[in-house]
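Hi,

Here is the structure I promised to pass on to you. Have a look at it first, and my notes follow underneath.

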Amino acid sequence: GLQRHIAAVLGDIGGDHHAVGDLEPARSSYRRSLRIWEKEGDPVQTAGMLAALGKLERERGRYETARERLERAVVLYDQAKAGADIYQPHEEAFLELAETYRALGLDRQALQAFRQREEILIERLKEEKSRNLAEMQVRFDVELKEEEIESLQQQKQLQALELEGQRSSRRNLVAIFGFVLLVLVLVFTRARFKTREAMVLQRVEQERAVSTQLREVDKLKDEFLANTSHELRTPLYGITGLAESLIEGATGELPAKTKAHLAMLVQSGRRLTALVNDILDFSRLKHRSLELDLKPVDLHALGDVVLTRLRPLGGSKDLELRNGVESDLPAAE
């Protein structure tokens, strides 16, 4: 119990560091928590720490390490899914894995991860709906059995009145009155049964209407996201283009430091534009309307671009990044 408590505290500390951008302390706390959960043999908590580490490594640009962590996490979630309420972290792990695949250029695996995430969402909705219907059915069965018991008790009372009525004419009148009363009770009970049955059907219809409304809201959200992304691209293009024109000397020669700052502005603008385009592509993926633009690509030149963007991430670390793709390699589609 103490080890599990320590692991949970370490996970919370790592989450706090992660939230404020202290990635290295967060990574250390996550890894210590992961080792304890692995020793404890808890697959759900182990998967949670692996997913947190995968997300952190993706944010640091270590996509292969992030991919390995996240793939292990989703496997553990798949194994532990039965009887465990882990739909939300399972869904988030697939989302992080899809983003990692996309960063690695593995578009097919990214699409598969997005689809698996959607399957988890659908499964969660189905389970919640089935659970609600089962609870309503149990309540309905209990009420029906109570009414049947009440009806049987009333029938026994009626039989006693009829036997007593055979001995006395006065009691016979009482038995007739009791029979009429029982009929009225049965009619009233049947009316109540029909009313409750109608209420159950009405609740089911309401659940269906809510489900439909949720799908419509999700659709509106996607449309709003796509429209907003379209609106963001125009000012981003303007900012990037204006900064590039200043670097090229549109207003005269600028100091080297100013050019460096403008170059950073251009790089950030292009990155934001790429993120907006990714959002649009994701929207198209959900609606199955994404069209691929296949064309020959110079892999050596593409490698140079990737290394140019990755070198600033190394900072003062003792790292050497080299392009191992041959320069005379034919273009690949």
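**What I found**

Arg 108 sits in helix 6, which covers residues 107–167; helices here are DSSP runs of H or I with at least four residues, numbered from the N terminus. With a relative accessibility of 73%, Arg 108 counts as exposed. (Exposed means over 50% relative accessible area, buried under 20%, and partly exposed in between, using a 1.4 Å probe and protein chains only.) Its C-alpha atom is separated by 9.5 Å from that of Ala 98, the two residues being 10 apart along the chain.

Before you read on, note that this is a predicted model, where local features need pLDDT of at least 70 and side-chain atom pairs count only at pLDDT 80 or more, while totals for chains, interfaces and linings use all residues. Residues are numbered from 1 along each chain as its sequence is written, and side-chain values use heavy atoms, with hydrogens and water left out.

**Salt bridges**

How many salt bridges are there? The count comes to six, taking a salt bridge as a side-chain nitrogen of Lys or Arg within 4 Å of a carboxyl oxygen of Asp or Glu.

One of them pairs Arg 60 with Glu 24, with the closest N and O atoms 3.5 Å apart. That pair ties together distant parts of the chain, 36 residues apart: Arg 60 is in the loop between helix 3 (43–59) and helix 4 (63–80), and Glu 24 is in helix 2. Glu 24 is partly exposed, at a relative accessible area of 45%. Add Arg 27 to Glu 24 and Arg 60 and you have a network of salt bridges.

Another one joins Glu 244 to Arg 270, and there the closest N and O atoms are 2.2 Å apart. This pair also links distant parts of the chain, with Glu 244 in helix 7 (residues 169–247) and Arg 270 in helix 8 (residues 256–286), 26 residues apart. Glu 244 counts as partly exposed at 24% relative accessibility, and Arg 270 also counts as partly exposed, at 45%.

Then there is Glu 320 with Arg 322, whose closest N and O atoms are 3.8 Å apart. Glu 320 is exposed at 60% relative accessibility, and so is Arg 322 at 67%.

**Surface patches**

A word on the rule: patches are made of residues with over 30% relative accessible area and no salt bridge, joining like charges within 9 Å and nonpolar side chains (Val, Leu, Ile, Met, Phe, Trp, Tyr) within 5 Å. The accessible areas come from the Shrake-Rupley method with a 1.4 Å probe, and for residues only the protein chains shown count as cover. Lys and Arg count as positive and Asp and Glu as negative, with His and the chain ends not counted. The place of a charge is NZ of Lys, CZ of Arg, CG of Asp or CD of Glu.

Which residues form the positive patch? Arg 31, Arg 32, Arg 35 and Lys 39 do. Arg 31 lies in helix 2, residues 23–40, and is partly exposed with a relative accessible area of 33%. Arg 32 is 9.6 Å, C-alpha to C-alpha, from Ile 6, although 26 residues separate them in sequence. Ile 6 belongs to helix 1 (residues 2–19) and counts as partly exposed at 32% relative accessibility.

There is a nonpolar patch too, of about 870 Å², whose members include Leu 173, Phe 177, Leu 184 and Val 187. Val 187 is found in helix 7 and counts as exposed at 52% relative accessibility.

**Helix 3 and the later segment**

The 17 residues of helix 3 should span 24 Å at 1.5 Å a residue, and the end C-alpha atoms are 24 Å apart, so the two agree; the expected span is 1.5 Å times one less than the number of residues. Buried residues in helix 3 include Thr 46, Met 49, Leu 53 and Glu 57. Just after this helix, Gly 61 takes a positive phi of about 85°.

Finally, Val 325 is in the segment after helix 9 (299–314) and is partly exposed, with a relative accessible area of 28%. The C-alpha atoms of Val 325 and Gln 154 are separated by 90 Å, with their positions 171 residues apart along the chain.

Cheers

Terms used
Helix = DSSP H or I, 4+ residues; strand = E, 2+ residues; numbered from the N terminus.
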